[in-house]
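Biologist: Please take a close look at the interior of this model. I would like to hear about its nonpolar cores and any enclosed space.

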Amino acid sequence: MGRSVSLVAHAKLNLALAVVGKRDDGYHELRSVFATIALSDDVRVAVHRRLEVRNSVKVSDEIAARAVTALAAANGHEPHAFVRIRKRIPIAAGLGGGSSDAAAVLRGLASLWKVDADLVKVAADVGSDVPFFASGSAVALVSGRGERVKPLRTPTDPLFAVVLRPTLRLATKDVFAAYKPEERGAAAHVDAIATAFERGVVTPDLLRVHAANDLLAAATRRCEAIASWQATAAARGVALFLTGSGPTLFAIADDRPDALRVGRILRRAGLRAHAYQLAV
Ligand code: C5P
């Protein structure tokens, strides 16, 4: 094996997510504020004589391999690399773990191959959430199928979320298939959050007011546990929101001590909650 680089691949939360239409290719047009969180996979990329991907968790579709192929195709390289992924981000959860790993592969391989490619553009061919991670932004307004990424200002005061580590998996495809156009309504909330980041006036209260997700009803139809997790938390005064197509839920905390407090409340109620800083 040849030269190698090690990368950190963060998870994301969709602070708000709107479905704004359906495209001719069957994909949905989205508008969403993405933020990274301090939960990450470790990705090592090395120069190699063939394509080899080792993942600490078995996944059905290895998106990291597609990242190698896409960058190679864009630059006339052989699609050869060694990739090792140590997973901590739950898979098929709405946390963007696979997409973040793929973006890390693009960044790592671009530096090993010394290619000056537009990684956000290459990323769009790999998967819908990959351009956000390839952009390197901590917070961004993402639109289209995910290929348009507008970086937003990172907040000066740290923000914290409490994330329920999922015990179930939910396929993005199934949730979009269950989605009904009349369930849309989050677009104005997405814009309110994006504008607040841009102006540097984001507060936990503002995030809690606008943390809408148009896929919530569809995700709940596919995974009824979402409604019961929300009810359990609500009975203890904690509002839980959906990230991506779920089933992961999150709460927005006032600050670090509040995140630890909310985490304890949810764990005592039997939920697997962990506090993480946002926009890292
Ligand atoms: O992009 P990814 O392959 O993760 O998406 C999985 C499936 O989810 C797609 O095949 C599509 O059915 C649906 N999807 C969608 N609109 C998006 C993203 C995903 O309809 N913007």
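Modeller: What follows covers the cores and then the cavity. The model is predicted. Its largest nonpolar core has 35 residues. Val43, Leu71, Val105, Leu106, Leu109 and Val130 have the most contacts inside that core. At least two of the core residues come from each of strand 1 (4-22), strand 2 (28-46), helix 1 (63-75), strand 4 (81-86), helix 2 (97-113), helix 3 (119-124), helix 4 (130-135) and strand 5 (139-144). The element that gives the most is helix 2, with nine residues. As general background, nonpolar side chains in soluble globular proteins tend to be buried together.

Val130 can be followed individually. With its neighbours within four places in sequence left aside, Val130 is in contact with Ile63, Ser99, Ala102, Ala103, Leu106 and Ala123. Of these, Leu106 is also listed among the core residues with the most contacts. Apart from this core lies another, of 34 residues, including Ala93, Ala186, Ala194 and Ile252.

As for enclosed space, a search of the whole structure finds one cavity of 30 Å³ or more. The largest cavity holds about 40 Å³ of space. Its lining consists of Leu30, Phe34, Ser128, Asp129, Val142, Gly144, Arg145 and Gly146. Strand 2 and strand 5 each supply at least two residues of that lining, and both strands also supply at least two residues each to the largest core. By class, the lining of the cavity has three nonpolar, three polar and two charged residues.

Notes
Residues numbered from 1 in each chain as written. Predicted model: local features only at pLDDT ≥ 70, side-chain atom pairs only at ≥ 80, totals over all residues. Heavy atoms only, no water. Core = buried A, V, L, I, M, F, W, Y, C linked by side-chain atoms within 4.5 Å. Buried < 20%, exposed > 50% of the residue type's maximum accessible area, 1.4 Å probe, protein only. Helix = DSSP H or I, 4+ residues; strand = E, 2+ residues; numbered from the N terminus. Contact = heavy atoms within 4.5 Å. 1 Å grid on protein atoms, 1.4 Å probe; cavity = no way out; pocket = protein on both sides within 12 Å on 5 of 7 lines; lining within 4 Å. Points joined across faces, edges and corners; volume = space filled by probe spheres on them. Nonpolar A, V, L, I, M, F, W, Y, C, P; charged D, E, K, R; others polar.
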